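I sat down with this model and a fresh notebook page. Here is what I looked up, entry by entry.

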Amino acid sequence: MLIQYLLAAVCIWLIAGLIWQWIAPRTSSPALRLAYAAPKIQAFNPDAVVKLFAAASNSVANEASQLSLRALVSGAQGIAIIDGLEASAVAVKVGDPVGAYGQLIAAQHDHIVLDLHGKQKKIYLPAAASTPLANSVAPQINHTAAPTAPSRTEAAVSLTRGQLTGILQGGNLANWSKGLGTSAAGGIVVEQANQQQLAQVLQLRDGDILKAINGRPLNKLDDLSLLYGAFSQQTQLSLQIQRQDQSQTISYTVNP
């Protein structure tokens with residue numbers, strides 16, 4: 001009998017629990033939320049990584065951009081005449097340091113290559129200097145001017161690239177212009193050929209006035225860079241001079 005009472009009590013308890021679950025008010029369970037929204041996943045941008053390393057290399061390029069190339073002798077043993085290193089232009093051989101701008105590692109026909117900690121920078125000759133001088137237009141001659149002494153062409157002179165390379169090792173324009181001056185009538189005058197290596201190699205004499213190289217006028221001593229530039233790039237050259245009041249043309253062949 002007691003067992004029947006217990007079973008009835010359990011059944012009443014279960015039925016009461018079910019009724020309570022049905023009639024009891026429902027409340028929403030608390031949800032877990034982040035205090036701040038999670039950041040969105042961004043796509044990988046390789047350019048952003050490159051920019052991290054570009055600052056130093058760009059500074060090298062900007063610094064090297066302060067340099068300018070006046071003339072050069074190309075080749076494995078080439079020499080470049082560079083402005084911007086010192087108060088005057090300086091001659092630097094391939095393999096030598098270029099101040100804080102790195103090392104000169106190559107000299108091509110129209111540009112040089114500097115290397116600083118693996119970052120390379122090219123410096124080109126000015127457009128006027130890199131244009132083949134043989135293609136330049138010769139100045140027009142006024143046929144109505146007073147007649148001048150007849151011109152004649154000297155025998156051709158053969159040079160080697162090594163001879164010209166040795167001349168550029170003087171260090172700066174103060175050395176390269178020794179024995180030269182500006183003629184009052186226009187042109188570069190040879191005043192003392194024994195002090196001027198280039199004049200000796202070109203077989204020039206005291207009193208010779210250099211008028212044009214491959215048709216490009218040489219009006220003053222500052223145009224000496226045009227002369228160096230021509231002989232550093234060309235293999236066939238024509239130099240117009242005035243010797244003893246007579247106009248002459250000397251032809252040169254530059255061999256390897």
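**Entry 1: Q246.** I began with Q246 and asked how exposed this residue is. The model is a predicted one, and in it Q246 has a relative accessible area of 24%. Buried would need a value under 20%, and exposed a value over 50%, so Q246 goes down in my notes as partly exposed. I found Q246 in strand β14, which covers residues 246-255. I also checked Q246 against D208: the two are 38 residues apart in sequence, and their C-alpha atoms sit 9.8 Å apart in space.

**Entry 2: the whole chain.** Next I stepped back to the chain. I counted seven helices and 14 strands. How many of the residues are buried? Of the 256 residues, 34% count as buried. For the surface, I noted an exposed area of about 16600 Å², with 57% of that area coming from carbon and sulfur atoms. I then looked at contacts between residues at least 6 apart in sequence, and 51% of these join residues at least 24 apart.

**Entry 3: a hairpin.** I turned to strands β4 (residues 103-107) and β5 (residues 111-116). In which sense do they pair? They pair in the antiparallel sense, over four bridges. A hairpin joins β4 to β5, and three residues make the connection. For one bridge I wrote down the partners: A107 is matched with I112 in β5. A reminder to myself while looking at strands: in a regular strand the side chains alternate between the two faces of the sheet.

**Entry 4: helix α7.** Is α7 mostly buried or exposed? Eight of its 10 residues are buried, so α7 is largely enclosed by the rest of the structure. I listed the buried ones: L224, S225, L227, Y228, G229, A230, F231 and S232.

**Entry 5: a cavity.** I searched for enclosed spaces and got two cavities of 30 Å³ or more. I picked the second largest cavity, which has a volume of about 40 Å³. Which residues line this cavity? My list reads L180, V190, Q196, L198, A199, L202, L204, L210, L224 and L227. By class, the lining has nine nonpolar residues, one polar residue and no charged ones. Helices α6 (197-201) and α7 (224-233) each supply at least two residues of this lining. That took me back to the previous entry: L224 and L227 are among the buried residues of α7, and both appear in the cavity lining.

Note on methods. Residues numbered from 1 in each chain as written. Predicted model: local features only at pLDDT ≥ 70, side-chain atom pairs only at ≥ 80, totals over all residues. Heavy atoms only, no water. Buried < 20%, exposed > 50% of the residue type's maximum accessible area, 1.4 Å probe, protein only. Contact = heavy atoms within 4.5 Å. Areas by Shrake-Rupley, 256 points an atom, 1.4 Å probe, with all protein chains shown as cover. 1 Å grid on protein atoms, 1.4 Å probe; cavity = no way out; pocket = protein on both sides within 12 Å on 5 of 7 lines; lining within 4 Å. Points joined across faces, edges and corners; volume = space filled by probe spheres on them. Nonpolar A, V, L, I, M, F, W, Y, C, P; charged D, E, K, R; others polar. Pairing = 2+ DSSP bridges.
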